[in-house]
Each structure stands twice: as structure tokens, then as C-alpha cells.
Amino acid sequence: MSSVVDPLGSALASAVRRTGARFGAVYLVDPDESTMCAVALCGVPVDAFAPWWRAAFAAPGPMQDSIRNERLVWVSSLEELASLYPRAAANLPYQLAFAVAAFRQVRHCQGALLLAWPPGRTPALSRSERGRIAFSARRIAGVLNAAAGAPAIPERPRFVPPRLEEPTPQSASATAGLIERLPLGTVALDLAGHITCVNTAAARLLGKPAEQLLGTQPSQSLPWLDNISYMDAYRTALSSREEAALTVLRPPDRWLDLRLYADDSGTSILLTPHRSPRPLGTQPSAGAATSPESRIHLLMVLAAALTETVGVQDVVDLVADQVLPAFGAHGMIMAAADPDRVRIIGYRGYEPDVIEQLDGLPTDADLTPAGRAMATGVSLFFANREELAHLYPQAPQLSDKQAWAFLPLLSSGRPVGGLLLAYNDPHPFTAAERSLLTPLAGLIAQALDRARLYDAKHGLAHALQQTLLPHALPTVTGLEVAARYHPASHGVNLGGDFYDLIRLTDTTVAAVIGDVQGHDMSAAALMGLVRMAVHSHATAGATPDQVLTRTDRDLADLNASRFVSCLYAHLDLARHQVTLASAGHPPPLLQHPDNPAHAVAIHPGPPLGVGLGTHSYPLTSMSLGPGALLALYTDGLVEIPGIDISEAITDLADGLGEWGGLPLHQLVDSLVHRARQANQHTDDIALLLLRPNHVAEL
């Protein structure tokens, strides 16, 4: 062994031994405070740890949390990691418990000690364990302070053996006759990932003599193992201490089965020929979730898809359409965590009568493990009916399913629901599969939490919109009326477009349409105020220009800080006349019988809310006899990307003329449908159609 003294490596190895950790790492923050970098690793191969050599310091995660707040962060399981730090769990889908202890009072840098344990240990740190971790972090901090200046950040971290002595390659104990006589191939790796033993059967299966393999890493001496599939299986064995298996192709056409087993001294690999030869270019039969090569890719694909979900039904559909086939499952039930009850929000592959029995069950009911999974935050896996019946005797009788995964959906540490995946046949859940389902459940929980908030806002928006718009327009003798409102297709479907029809006398009526700037709660609230102000001034006997001037003054008094366009039409049905006043609003369309529709030439004043209520609004009067058609609309009906608005208004007038003979309720729907197809429905749309009837003089 080298006599070179390595104080940092020695302190890290001592920390791993003192705490009984599986492995440890020292992370330092670079001078720009943009990246956390691993500078030393103990007990885990450097290349196996490659995805986590560096991490953004600004990203949310346990390491960043520990350093920023100078505290010990303890994560007892992958389930807890998915609950507290979903993004970190998606990037580290392995069964581990770990602690992060920040270095305090280090002069030249920030950093932390990471210590990790395999699954199965007690979920809480004892007082003495916390003391040993804190002591180890202080010792490493002392080493860093003793260095001259800030420590250098290497391109790759160095490996530190946890023990003072490591067995030499091909030692006498490693080549015992028992291992050599075995008919299956055996390969041993040390804690740094180097081959220390390979028997004759393994050398023959691998296609290389032992002397070319000893002392190398498998991915170096066997290029066909330099891939995600092998490395992911290796990491799974290291982290879970359970068997990790994969099937690989040794070029040109030899398929091999590999089984990996890891402990504190290293990793053993057993090799056998694959039972059924496969044509070149094919892959072994395995579900997407259990194929190591696809695990990270699958998690990335599903995470990206979940970010695009909007409402709760979107989340349910995505899980049913993508998660079920990805894991080879045949049924799913998704539930929301309502107080004291399990409320099912979606399912696939189950009969409705089964859902009726489960929906609304108390969360503490012992019929199924669903409530326990949500209450404890721990995923529960049952490979067959016997395993489930042992703890929950009645549960298997609910359906013909044969295996189940009960996954809690936790967001920011609180339960938002639960997800059940079910199988038609017995299904042993591998360590790799469980390690993927747990962080995926965290991502689903975040998406579900956002979706429930969106649906709640959408429901509130819809209720508010319906409250602020007229429930029904008044019936006016001698006047046909039809109106439609459609919110924009994005956001919470809440906008500021409005319309109204105000009965003034037996022969006069006011028609109003407007558009408040914005698509949010404030826009909708202001829309309600403007509509009430217009209604108040109109029924008080104000002329069209006075209605707009006084409403403008009201907005100035409110200091609304938003613009409102508005078109006010006073219809005198006895005189067959309409008088218009506009506050920066698109011109109305008019069609007389047997004449083409056209935009009315009016002289608009400025929008409401742009001044101090001192603006004037010119009046435009014209005849509006029986059979004439007047259309008031908002700009969402005519604003089409890439098309001049005057051209769009002319096109709308053409549509009005083409379909003008239709009943108004059909005409208004046809015009709105035409506009929504043309502009992808990116803005609110309001449309009000008015047509005087042939009636006796009043």
C-alpha cells in the first residue's frame, strides 16, 4: 500500500467505519456556488456513482437543504425521499437510507458529508448515531480548514477504500478450489468495482482469459458491458443488497444471464448461458419497468408526461394509459385522501361493483392495505393472493387479481392520495421495480396535488363567471336575442368579457358588450363592477355617451389600473332606431334585409379606465327596422394570429350574411364555432345578436 498520507480520505473512511454506513462521500460547493461536486467516495465504485458526481446547488434536494441550513438531514427510505424531495427521488431511484451533515465554520468553502446505508435499518437515527455523524462531519471540516486555501474541485472524485487493507487480485482465498470447480461462471468485484476473481467458467462465457480481466472494471475490459443496463443493475445490487438480474448480449450472438449480489466486502456476479437463444437484435422478454436499461428513460418519460397534465382526470388517464402498460399491470385504482375517507377518483381494469365497495371506506378500515399505505407513507407489495390474505384476509376476495402494489401519494410530506396497481397473475416485485415505483409515486402525487388545485380554481372560476354574467336575458317584445360566452382555452378559464341586455321602457332596451383587460380573478371582478355600473347608469335614464362617461369616472375613482373596452347600443323599437357609443371597442356588424352585412362606421372614444373620467364618447345613430340584424362581439372573435383585424371583421361579416337567415340560436353557435376553429381559442369570446321583429306600432 502507498505510504502517502491522505487526511481527507482517512477522515472519510473513518466516518464510514464509525457510523456503520455502506458508503460515504464528501461534497464541496464550487466557488461560484452553482454546483455541488463530489471530491471523494468511500465504499462505492466511482464510475457507478457517476450520475451524482455533480448537482446544481440551486436545485431542491437533501444535500442542498443541509448545506444551506447547516443542519443534519436524515432520509430513512426511498419512500421518504419521494415524499420530501420528489425531484431528487426521481434522480436517485434506489433503495437507500442516508444522512447529510453540513460542514460548519469551514473558511474557504461550503460542503457536506453524505453517508448511506442499505434498506432494512431502523427508520430513526439514535442519539448516539447522530453524535457519531456530527463528529465525523466536524473531523472532515477540520481537515478542510487545515488545508492551505480552498480545496481544488477534481474532474472526477477519487476512490477511498473503507479499510486499511484490501485483498489482492486473484488471492489464494479468492481462487479456492470450490469456486473453480463450479460449472457456472463467478466473478468477484472489490469495493472499487475492480475484478479480483474470475473462474474458468466465467472466463469462457465472457470470452477473455482471466489475466486480461483481473484488476480491471467490467465496463473497461468488456466493452459490451459499458451500458446503462449493466450499470443500473450494478447500482441496484449495491443499494438494495438484493439480487439484481439482467440479460446481456455478448457479441456477436451469445446471450448471458447475470445475477449480481453485493455486501460490505464487494460484489459477486454469477453468469450462465441464457436458456433460450435469441435472434440478433432482439431483447429479452421483460416489462419496461424491470429492464434496467429502460428504468431511467421510463422515469424521465413519465415525469415529462406528468408535467403536462392539467386536471385530475388528466392524471388518472395518464396513469391508466402509460403507467399500467409500462409496468405490465392490468388494473389500477387512484384515490384522493379526503378527511377520514378514501375517495376513488379513477380506475381501470376493475368492475364497478368492486369500486362501489371500496369508495368511501374509512382510511383506517382493515379491508385493504390502502389506508395503511396512505397513513404510513410506505409502499406495500404483495406478490400473490396468499401474501395479501395473510394480513388482509378479505381483500383478495374483492376481485380476481393476483398481485398488488399499494403506493402512497405524498406531496411535501402530506398524503394527497393512493395508487393501486394490480396484476392478473402472481408478480414478484423486484428491487429494481420497487425502486422505480416509489419515486414515480412521488411525481404522480405532485401532479395530482397540482391538478386538484387547478380543478378547484377552475370550479371557482366557473361559478364566479356564471354569477357575474346574466343567467338569462330578459324577454323583450319585438326583439329576438341570442348570446354566447366562451372563456379562453388556457389558464383557469376565467376572463373579463361580458354582455348584458337591459330593459329600459316598454319600447326601449340597451345592449352592452365589453372586455376587461386580463384573464384572471381581478379581471372577472372588475367585469362585474363595470356591468353593474353600466346597468345602474342606463336604468337611471343616461344617454349612451353619458353611460360610458360616468362608468369611466367610476373606474377612475376605483383606481382600477385596467382598461375596459365597451360598446353600448340604445335600441328604440318603436322608432326602429339604434344609437351607439363606443369606448375603444370593435365596431358592431349590421345587416339589413336583402343587403350584405358590414361593419358600422362609428367613432370610438378611448377605453374606459385610461383617464380621469372626463372623456367624451361620440354618438352614432342609424335605422334598425324589423328583420335587421345587429351583432355585438368582443375581439376574441376576430383576433387571429397573422391576420389583420379589419380582414377578420370582414370575414365575420361575410359569415353573418351567409347564415343570417338561420334562427338566432343556431346563427350564434355557427359564428362562435367558426371563430374558435380559426384562432385556436386563445382569447375570451362574447357575442350578442339582436334582431327586431315585425310587430305593430307601439
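Two strands count as paired if DSSP finds at least two bridges between them. The model shown in these views is predicted.

**Figure 1. The hairpin of strand 21 and strand 22.**
Strand 21 covers residues 564-572, and strand 22 covers residues 577-583. The two strands pair in the antiparallel sense, with seven bridges between them. One position to locate in this ladder is Cys566, whose bridge partner in strand 22 is Ala583. Four residues separate the two strands of the hairpin, and in the turn His576 has a positive phi of about 55°.

**Figure 2. Strand 22 and its pairing with strand 25.**
Besides its pairing with strand 21, strand 22 is joined by five bridges to strand 25 (residues 619-623), and strands 22 and 25 run antiparallel. Val578 stands opposite Met622 of strand 25. How much of strand 22 is buried? Six of its seven residues are buried, so strand 22 is largely enclosed by the rest of the structure. The cut-off behind this statement is a relative accessible area under 20%.

**Figure 3. The open sheet of five strands, in the order 14-13-17-16-15.**
Pairing in this sheet is antiparallel. Strand 14 and strand 15 (380-382) are the edge strands, each pairing on one side only. On average, neighbouring strands of the sheet are turned by 20° against each other, direction ignored. Strand 13 and strand 14 run antiparallel and are joined by seven bridges. Within this pairing, Ala335 is found opposite Ile344 of strand 14.

**Figure 4. The largest cavity, with about 340 Å³ of space.**
Which residues lie closest to the centre of the largest cavity? They are Leu358, Thr368, Ala370, Phe406 and Leu420, out of 29 lining residues. Several elements give two or more residues to the lining: strand 13 (331-338), strand 14 (341-348), strand 16 (403-411) and strand 17 (414-423), together with helix 12 (352-358) and helix 13 (370-376). Strands 13, 14, 16 and 17 belong to the open sheet of Figure 3. By class, 23 of the lining residues are nonpolar, five are polar and one is charged. A search of the whole structure finds eight cavities of 30 Å³ or more.

**Figure 5. The second largest cavity, with about 110 Å³ of space.**
The lining is made up of Phe23, Val44, Ala48, Phe49, Trp52, Leu92, Tyr94, Leu96, Arg235, Leu238 and Ser239. Nine of these residues are nonpolar, one is polar and one is charged. Which element gives the most to this lining? Helix 9 (residues 228-240) does, with three residues. Met231 is also found in helix 9. At 14% relative accessibility, Met231 is buried. From C-alpha to C-alpha, Met231 lies 6.5 Å from Ala48, although the two are 183 residues apart in sequence. Ala48 is one of the lining residues of this cavity.

**Figure 6. An aromatic cluster formed by Phe23, Phe49, Trp52 and Tyr94.**
These four residues also appear in the lining of the second largest cavity. Eight aromatic pairs are counted. One of them is the edge-to-face pair of Phe23 and Phe49, with 5.8 Å from centre to centre and 75° between the planes. Phe23 belongs to strand 1 (residues 23-29), whereas Phe49 sits in the loop between strand 2 (35-42) and strand 3 (54-56), so their pair ties together parts that are 26 residues apart in sequence. Are Phe23 and Phe49 buried or exposed? Phe23 is buried at a relative accessible area of 8%, and Phe49 is buried at 7%.

**Figure 7. The edge-to-face pair of Trp74 and Trp117.**
The ring centres of Trp74 and Trp117 are 5.7 Å apart, and the planes are at 75°. Trp74 lies in strand 4 (residues 72-75) and Trp117 in strand 6 (residues 111-117), and with these positions 43 residues apart in sequence the pair links distant parts of the chain. Trp74 and Trp117 are both buried.

Definitions and conventions. Residues numbered from 1 in each chain as written. Predicted model: local features only at pLDDT ≥ 70, side-chain atom pairs only at ≥ 80, totals over all residues. Heavy atoms only, no water. 1 Å grid on protein atoms, 1.4 Å probe; cavity = no way out; pocket = protein on both sides within 12 Å on 5 of 7 lines; lining within 4 Å. Points joined across faces, edges and corners; volume = space filled by probe spheres on them. Nonpolar A, V, L, I, M, F, W, Y, C, P; charged D, E, K, R; others polar. Axes fitted to C-alpha atoms, helices over the stretch in contact; angles between N-to-C directions. Phe/Tyr/Trp six-rings, centres within 6.5 Å; stacked < 30°, edge-to-face > 60°. Buried < 20%, exposed > 50% of the residue type's maximum accessible area, 1.4 Å probe, protein only.
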